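Below is a short briefing for a reader new to this structure. It goes through the contacts and local features topic by topic.

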Amino acid sequence: LVLASHILENERVLDSFGHVSARSNKDPNVFLIPRAMPPSLVTKEDILEVAPIKAVRGTVTLADGGVDYGDRSIDATRVLGVTSEYVNFSVFDAERGRLMSPIEVDTSAAVTVIGWQTADRLFGSEVDPIDKVIQVEGIHFRVVGISSKKGTILGRSQDEFVVIPLGQFQHRLEFLPQCFVVGVGVLVQHGAPTLISTALLTSTSKLRAASGSPFTRFRLRAR
């Protein structure tokens with residue numbers, strides 16, 4: 001897993017939102033997964049065991065879209081559509097303001113958490129982004145939180161993104177190019193969810209061919 005994490009990031013398959021997992025060779029009902037951290041930094045000590053799986057739910061859907069505020073625009077920003085389980089994943093945070101609440105996500109409220117660089121490019125230092133309304137592909141969203149600065153991986157910024165409820169994404173933005181599921185939430189027996197993003201789920205053509213839609217809810221049965 002350590003070597004796989006390094007290779008997949010080097011090949012630009014994974015970024016800071018992605019991880020690779022494997023089934024334990026000691027117990028087929030247990031999965032091994034790195035901590036929530038950049039794949040290039042994963043070591044043997046960062047590998048965790050995940051208890052037997054009860055259910056799997058689609059969590060993160062990704063596309064590139066235009067974001068605007070007033071006369072300032074960003075042509076291609078990562079747009080992340082998430083389910084309410086996202087609040088349990090440490091890759092999502094709000095250094096300023098707050099995260100979207102599970103109720104807001106479940107009801108597809110028009111709210112968003114934006115990356116540090118997205119906030120800087122749209123608002124600069126003179127305007128407080130919190131409670132301002134931005135447009136994502138022409139759709140209005142109220143900013144409720146700003147994520148902490150994460151830096152770059154392999155020259156790609158990890159701070160230029162907007163996070164919106166998956167319902168908003170599905171109904172309004174699924175037409176965007178390069179739209180695919182990049183993460184799934186795993187609910188384990190003790191009730192603590194974790195994030196698995198594998199290279200096997202990065203092919204949008206395979207996902208759509210198998211399900212007819214990139215937003216199919218996944219289920220996994222332990223064998």
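At 31% relative accessibility, K150 counts as partly exposed. The model is predicted, and in it K150 meets D93 in a salt bridge between side chains, 3.4 Å from N to O. The points below start from the salt bridges and move on to a buried acid, the aromatic rings, the sheet and some single residues.

**Salt bridges**

- The structure holds six salt bridges, including the one between K150 and D93.
- K150 and D93 come from distant parts of the chain: K150 lies in the loop between β9 and β10 (152–153), D93 lies in the loop between β5 and β6, and 57 residues separate them.
- D93 is partly exposed because its relative accessibility is 25%, within the range of 20% to 50% used for that class.
- Another salt bridge joins D128 and R96, with the closest N and O atoms 3.3 Å apart.
- D128 is in the loop between α3 and β8 and R96 is in strand β6, so this pair ties together parts that are 32 residues apart in sequence.
- D128 is partly exposed, with a relative accessible area of 42%, and R96 is partly exposed with 40%.
- D131 forms a salt bridge with R142, and here the closest N and O atoms are 2.8 Å apart.
- This pair also links distant parts of the chain, with D131 in the loop between α3 and β8, R142 in strand β9, and the two positions eleven residues apart.
- D131 has a relative accessible area of 48% and is partly exposed; R142, at 30%, counts as partly exposed.

**A buried acid without a salt bridge**

- D159 is found in the loop between β11 (156–157) and β12 (161–165).
- Which side chain of opposite charge is nearest to the buried D159? That side chain is K150, 5.2 Å away, and D159 has no salt bridge.
- A salt bridge needs a nitrogen and a carboxyl oxygen within 4 Å, so the 5.2 Å between D159 and K150 does not qualify.
- The side chain of D159 does reach backbone nitrogens: that of K150 at 2.6 Å and that of G151 at 2.8 Å.

**Aromatic rings**

- There are two aromatic pairs.
- In one of them, Y69 and F123 have ring centres 4.4 Å apart and planes at 45°, so the pair is tilted.
- Y69 belongs to strand β4 (residues 53–69) and F123 to helix α3 (residues 116–123), so the pair links distant parts of the chain, 54 residues apart.
- Are Y69 and F123 buried or exposed? Y69 is partly exposed, with a relative accessible area of 24%, whereas F123 is buried at 1%.
- Y86 and F92 form an edge-to-face pair, 5.4 Å centre to centre with 75° between the planes.
- Both Y86 and F92 are buried.
- A charged residue also meets a ring: K149 lies over the face of W116, at 4.3 Å from the ring centre.

**An open sheet**

- Three strands form an open sheet in the order β1-β2-β3, with antiparallel pairing.
- The edge strands are β1 (22–23) and β3 (47–50), each of which pairs on one side only.
- Two bridges hold the antiparallel pairing of β1 with β2 (residues 31–34).
- In β2, F31 is the bridge partner of R23.

**Serines S84 and S73**

- S84 lies in the loop between β5 (72–82) and β6 (96–97), and at 16% relative accessibility it counts as buried.
- The side chains of S84 and D106 are joined by a polar contact of 3.1 Å.
- S73 is in strand β5 and is partly exposed, with a relative accessible area of 45%.
- S73 and R121 are 48 residues apart in sequence, and their C-alpha atoms are 8.2 Å apart in space.

**Positive phi angles**

- S108 is not a glycine, yet it has a positive phi of about 55°.
- S108 sits in the loop between α2 (102–106) and β7 (111–114) and is partly exposed at 23% relative accessible area.
- E137 is not a glycine either, and its phi is positive at about 50°.
- E137 is in the loop between β8 (133–136) and β9 (139–146), and at 33% relative accessibility it counts as partly exposed.

Methods: Residues are numbered from 1 along each chain as its sequence is written. This is a predicted model: local features need pLDDT of at least 70, side-chain atom pairs count only at pLDDT 80 or more; totals for chains, interfaces and linings use all residues. Side-chain values use heavy atoms; hydrogens and water are left out. Two strands pair if DSSP finds at least two bridges between them. Helices (H or I, at least four residues) and strands (E, at least two) are DSSP runs, numbered from the N terminus. Rings of Phe, Tyr and Trp (its six-membered ring) pair if their centres lie within 6.5 Å; planes under 30 degrees apart count as stacked, over 60 as edge-to-face and the rest as tilted. Buried means under 20% relative accessible area, exposed over 50%, partly exposed in between (1.4 Å probe, protein chains only). A charge sits over a ring if NZ of Lys or CZ of Arg is within 6 Å of the ring centre and within 35 degrees of the ring normal. Lys and Arg count as positive and Asp and Glu as negative; His and the chain ends are not counted. A polar contact is a pair of N or O atoms within 3.5 Å; within protein, one must be able to donate a hydrogen and the other to accept it, and residues adjacent in sequence count only if both atoms are side-chain atoms.
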